[in-house]
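Reader: I'm in my first year and still learning to read structures. Could you pick the charged and polar side chains and take me slowly through what they do here?

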Amino acid sequence: MISLRSLRSSLLAIWLGGILAAGSACGQNADASLPAGPGVAYDGVISSMAIVDERPSAPEPAEPKTEEELKRQRAEEEIRRQERQRILGVVPNFNTSYVSDAVPLSRRQKFRLAFRSAVDPFVFVAAAGDAAISQAENEFPGYGQGAQGYGKRFGASYLDDFDGTMIGNALLPALLKQDPRYFRKGTGTFTRRLLYSVSTTVWCKNDNGKWGPNYSNVLGNLAAGGVSNLYYPSTDKGAGLTMERAFTVTAEGTLGALADEFWPDIAHKVLRGRYARLQGDLPEEKPASLLSPGADH
């Protein structure tokens, strides 16, 4: 097989030979030697040979990354670690950060993290179990019984979780510039850590690093409760359902915060050898408190 370089060299040789032959036929009264150098006239014939440097050019030095790009890269690394976190190796724990000075997430990263949590297989399993209990207790009788009733309860249970996650952990945090993650305290007395974890239901870290009211979670739970009126039976719709579902989602979030705070301790003390596999991304040493020494919020 003829290479491209060999073919180009052959064509160049043929072209050059043609020029020299034409110059010889037309140059009986000209000098016997061809003047050196490309582009020199020779009895009406132009020698336009050009030297082509086929050596690869040196790569241009990469421009230094901006501070914003470095922050985004660091946030991506933190998200990748979070997406491997699971309680008991099964329950997703993606929304928990063990880094006290974690980089704020971009809007896109907030939606990505929330969606990843909302579509995890375990969420569907939990919704299936919740629907089974609901059907056994004949909650929302408007759904009926049998496979059809179970399917409606399953869909409603999953949508409750999906709505709460996407609105409270993505949409509102993106609009209000709040960080939807739970930042584990990890140090201090049991009482302080307990109160801290419960307080995150109404108190959170903002993108500017300061702490303030957790509008995203409170309003997100109310909004999710309102959306539930679209798919619950007509006999159960109204303000009562909105408040009931909002309270349920809030209670579930509080229990989740307690698990986020104390699960690593339980895993470390009880599971021992299996600890690394079940919660491999937790630092060996407990992280420093998110607050200044002796301060709580």
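Author: Happy to! A polar contact is a pair of N or O atoms within 3.5 Å, where one must be able to donate a hydrogen and the other to accept it. Please keep in mind that this is a predicted model.

Let's begin with D207, which sits in the loop between strand 7 (203-205) and strand 8 (211-213). Its side chain makes a polar contact with the side chain of K110, at 2.8 Å. That value is within the 3.5 Å limit, so the pair qualifies. Beyond its neighbours within four places in sequence, D207 also touches P104, L105, K177, Q178 and D179, along with K110. One of these, D179, is 28 residues away from D207 in sequence, yet their C-alpha atoms are 5.8 Å apart in space.

Another of those partners leads us to a helix. K177 follows helix 5 and has a positive phi, near 60 degrees. Helix 5 runs over residues 146-176, and at 1.5 Å a residue its 31 residues should span 45 Å; the end C-alpha atoms are 43 Å apart, which agrees. Along the way, helix 5 bends by about 35 degrees at I167.

Now for the charged pairs. Side chains of opposite charge can pair when their charged atoms come close. How many salt bridges does a search of the whole structure find? The search gives twelve, and three of them make a good tour.

Take R74 and D101, whose side chains meet in a salt bridge at 3.4 Å, N to O. R74 belongs to helix 2 (residues 67-82), while D101 is in the loop between strand 5 (96-97) and helix 3 (107-118), so this pair ties together parts that are 27 residues apart in sequence. R74 counts as partly exposed, at 34% relative accessibility, and D101 is partly exposed too, at 49%. This pair also has company: R74, E78, D101, D179 and R181 are linked in a network of salt bridges. You have already met D179, as a contact of D207.

Next come R112 and E83, which form a salt bridge whose closest N and O atoms are 3.4 Å apart. This pair links distant parts of the chain, with R112 in helix 3 and E83 in the loop between helix 2 and strand 3 (86-87), 29 residues apart. Buried or partly exposed: which word fits E83? At 18% relative accessibility E83 counts as buried, because buried means under 20%. R112, at 31%, counts as partly exposed.

The third pair is R86 with D120, where the closest N and O atoms of the salt bridge are 2.6 Å apart. R86 lies in strand 3 and D120 in the loop between helix 3 and helix 4 (121-136), so here the parts tied together are 34 residues apart in sequence. D120 counts as buried, with 1% relative accessibility.

One last habit to pick up is checking the confidence. The mean pLDDT of the chain is 76, and 70% of its residues reach 70 or more. Over residues 1-53, though, pLDDT stays under 50, and the model has 27 contacts there beyond four places in sequence. Residues 284-297 also have pLDDT below 50, with 28 contacts beyond near neighbours in sequence. Where pLDDT is low, the predicted coordinates should not be read in detail.

Notes:
Residues numbered from 1 in each chain as written. Predicted model: local features only at pLDDT ≥ 70, side-chain atom pairs only at ≥ 80, totals over all residues. Heavy atoms only, no water. Helix = DSSP H or I, 4+ residues; strand = E, 2+ residues; numbered from the N terminus. Expected span 1.5 Å × (residues − 1). Bend = angle between axes of the 7 residues up to and from the residue. pLDDT = per-residue confidence, 0-100. Contact = heavy atoms within 4.5 Å. Salt bridge = Lys/Arg side-chain N within 4 Å of Asp/Glu carboxyl O. Buried < 20%, exposed > 50% of the residue type's maximum accessible area, 1.4 Å probe, protein only.
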